[in-house]
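Reader: I should like a close look at the disulfides of this model, with the geometry of the links and their surroundings set out in full. Please state the criteria behind each term as it arises.

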Amino acid sequence: MFSLLFGVGLVAALAPMLTGGCTQCDEFLECTTKPGLRYVECGSKQHEFNDGVSLDDEDTAWDYCFCNSSRLQCENGSSLRMCNYMTYDGSVAALFNDGTYAELTSAVAGCLEYDGCAVEIARCNYGGWYLNCARGDERVYISGAGQIFKDEKNAVDTCVARGPGGFACEPIIDDCEDLDSCALSKACSEFCSSPACFNNKNAADCIADPACRWTPQ
């Protein structure tokens, strides 16, 4: 078993470890269930993940890679699993407990009785994501694992892989005026112009800053 590896050269680093005993291995797939998770398929019976998990069944491997394990409980008593295939074909889906599929954002909005939801990836890395759901002025943020938060920074924290070095805090907007308030961002609080994300000295501060992303180098 080996731990998740991050940063430039991840695929090159993993290839000898995962393909040593394989033949005709496919390209690595970047998963969305947790940032940094990837897997390679070698034939129809060998699916190797970079967190040490090895699965024989392709459907199980795809679930592990793209669908959260815990069900989101709906207001009407049903439940669903969230599946995000954006790193594969750009699609997102919800799988209800009765076996039916639906488009993810509208399904989750209906499930929780919100007006609408959107997939957020701008502040995430390595396939991480979360949902931003609104009902009037009220908002909730749902992690890819199905956790519900009132504070967006907590959702962002679940979609960022920190990694052992080789990261920097970089802007995701060109102008601080794109924010609702410059005071919301440490990178924008001094001068409401271009974000100074280097003012965030650690991963936690960068992750909490809506103008910035903790970015692999």
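Author: C124 and C159 are joined by a disulfide, with an S to S distance of 2.1 Å; a disulfide is taken here as a pair of cysteine sulfur atoms within 2.5 Å. The model is a predicted one, in which local features need pLDDT of at least 70 and side-chain atom pairs count only at pLDDT 80 or more, while totals for chains, interfaces and linings use all residues. Residues are numbered from 1 along each chain as its sequence is written, and side-chain values use heavy atoms, with hydrogens and water left out.

The torsion about the S-S bond of C124 and C159 is -85°, and the link is left-handed. The pair connects distant parts of the chain, 35 residues apart: C124 belongs to the loop between strand 9 and strand 10, and C159 to the loop between helix 4 (152-158) and strand 13 (167-171). Helices (H or I, at least four residues) and strands (E, at least two) are DSSP runs, numbered from the N terminus. C124 has a relative accessible area of 5% and is buried; the term buried means under 20% relative accessible area, exposed means over 50%, and partly exposed lies in between, with a 1.4 Å probe and protein chains only. Its partner C159 is likewise buried, at 0%.

The structure holds eight disulfides. A disulfide is a covalent bond between the sulfur atoms of two cysteines. Another of these links joins C117 to C133, again with S to S at 2.1 Å. Here the torsion about the S-S bond is about 110°, so the disulfide is right-handed. C117 lies in strand 9 (residues 116-120) and C133 in strand 10 (residues 130-135), distant parts of the chain that are 16 residues apart. C117 counts as buried at 14% relative accessibility, and C133 is buried at 0%.

A further disulfide, between C197 and C212, has an S to S distance of 2.1 Å. Because the torsion about its S-S bond is about -90°, this disulfide is left-handed. C197 is placed in the loop between strand 13 and helix 5 (203-208), and C212 in strand 14 (residues 212-216), so the pair ties together parts that are 15 residues apart in sequence. C197 and C212 are both buried.

The sheets may be described next. One open sheet of four strands has the order 1-2-3-4, with antiparallel pairing; two strands pair if DSSP finds at least two bridges between them. Its edge strands are strand 1 (29-30) and strand 4 (54-55), each of which pairs on one side only. Strand 3 (residues 47-49) pairs with strand 4 in the antiparallel sense over two bridges, and H47 stands opposite L55 in strand 4. Helix 2 (residues 58-66) packs on this sheet, touching strand 1, strand 2 (38-41), strand 3 and strand 4, and its direction makes about 20° with that of strand 3. Contact means heavy atoms within 4.5 Å; axes are lines fitted to C-alpha atoms, for helices over the stretch in contact, and angles run from 0 to 180 degrees between N-to-C directions.

Strands 5-6-7-8, in that order, form an open sheet of four strands with antiparallel pairing. Strand 5 (72-73) and strand 8 (101-103) stand at the edges with a single partner strand each, so one side of each is left without a neighbour in the sheet. Strand 5 is joined to strand 6 (residues 79-85) by two bridges, and the two run antiparallel. Within this pairing, L72 stands opposite L80 in strand 6.
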